[in-house]
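Colleague: I should like to understand the reasoning behind the labels attached to this structure. Please take me through them one at a time.

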Amino acid sequence: MANNYEKAVKIYEKGGQYAIYAAVKSGELQADSWRDCLPCEDKTPHEGNICLVCGTANKGNDIKWAIIAGTLESGFYVTGPFDSEQDADDYAEDAIKRYSSKLDICKVVELDNPGE
Ligand SMILES: [Zn+2]
């Protein structure tokens, strides 16, 4: 997929960061996901881990987990994110032990990469 990245470099040289966004939105350029990129200070299109705007490898958007818990009466809240499913499971188990009679829902959910 080096060709796609080379294309991105050419588009960037001509039109900068926003030309990349436009090219992805129009389908001219392929992107797997949109991720936060620190050097770009924005959510940018990525091919794999590589930012198509600046070439930085961003691996900060790995899947994370969260817990949705609460009651129908008082509403639900989200806890997290947790870096591992195990951490989320442990936390949820503990919450169930303590509040089981009061919780209508206590569920571990996967947080996907935004934009995918
Ligand atoms: Zn970038």
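Modeller: Let us begin with one pair of residues: I67 stands opposite T79 in strand 5. The model is a predicted one. A further bridge partner in strand 5 is V78, which faces I68.

Colleague: What makes strand 4 and strand 5 a pair?

Modeller: Pairing requires at least two bridges between the strands. Six bridges join strand 4, residues 64–71, to strand 5, so the pair satisfies the requirement of at least two. The two strands run antiparallel, and a hairpin of three residues connects strand 4 to strand 5.

Colleague: Which strands of the sheet with the order 5-4-6 are called edge strands, and why?

Modeller: That sheet is open, has three strands and is paired in antiparallel fashion. Its edge strands are strand 5 (75–82) and strand 6 (105–111), each of which pairs on one side only. From one strand to the next, the twist averages 20°.

Colleague: How do you know that strand 1 and strand 2 are paired?

Modeller: Strand 1 covers residues 33–37, strand 2 covers residues 42–47, and five bridges join them in antiparallel fashion. The requirement is at least two bridges, and therefore these strands count as a pair. C37, for instance, stands opposite D42 in strand 2. The two strands form a hairpin with four residues between them, and E41 in the turn has a positive phi of about 55°.

Colleague: Why does the link between strand 2 and strand 3 also count as pairing?

Modeller: Two bridges join strand 2 to strand 3, residues 50–51. The requirement is at least two, so the link qualifies. One of the matched pairs is E47 with I50 in strand 3. This hairpin has two residues between its strands, and G48 in the turn has a positive phi of about 65°.

Colleague: R35 is a charged residue by name; is it buried or exposed, and how do you know?

Modeller: R35 belongs to strand 1. A residue is called buried when 20 or more other C-beta atoms lie within 10 Å of its own. R35 has 23 C-beta neighbours inside 10 Å, and therefore counts as buried. The C-alpha atoms of R35 and P45 are separated by 6.5 Å, although the two residues are 10 apart along the chain. Over the chain of 116 residues, 21% count as buried.

Colleague: Which residues touch the most other members of the largest nonpolar core?

Modeller: They are I20, V24, L29 and L52, in a core of 14 residues. Helix 1 (2–15), helix 2 (17–26), strand 1 and strand 3 each supply at least two residues of this core. Helix 2 gives the most, with four residues. Leaving aside residues up to four places away in sequence, I20 touches A8, I11, Y12, L29, P45, L52 and V53.

Colleague: What does the second core include?

Modeller: The second core is separate and has five residues, including I67, A69, A88 and A92. I67 is thus the residue with which we began, opposite T79.

Colleague: How many helices and strands does the chain have, and what pattern do they follow?

Modeller: There are three helices and six strands. Along the sequence they follow the pattern α-α-β-β-β-β-β-α-β. Among contacts with a separation of 6 or more, 37% involve residues 24 or more positions apart.

Terms used
Residues numbered from 1 in each chain as written. Predicted model: local features only at pLDDT ≥ 70, side-chain atom pairs only at ≥ 80, totals over all residues. Axes fitted to C-alpha atoms, helices over the stretch in contact; angles between N-to-C directions. Buried ≥ 20, exposed ≤ 12 C-beta atoms within 10 Å, placed from the backbone. Core = buried A, V, L, I, M, F, W, Y, C linked by C-beta atoms within 7 Å. Contact = placed C-beta atoms within 7 Å.
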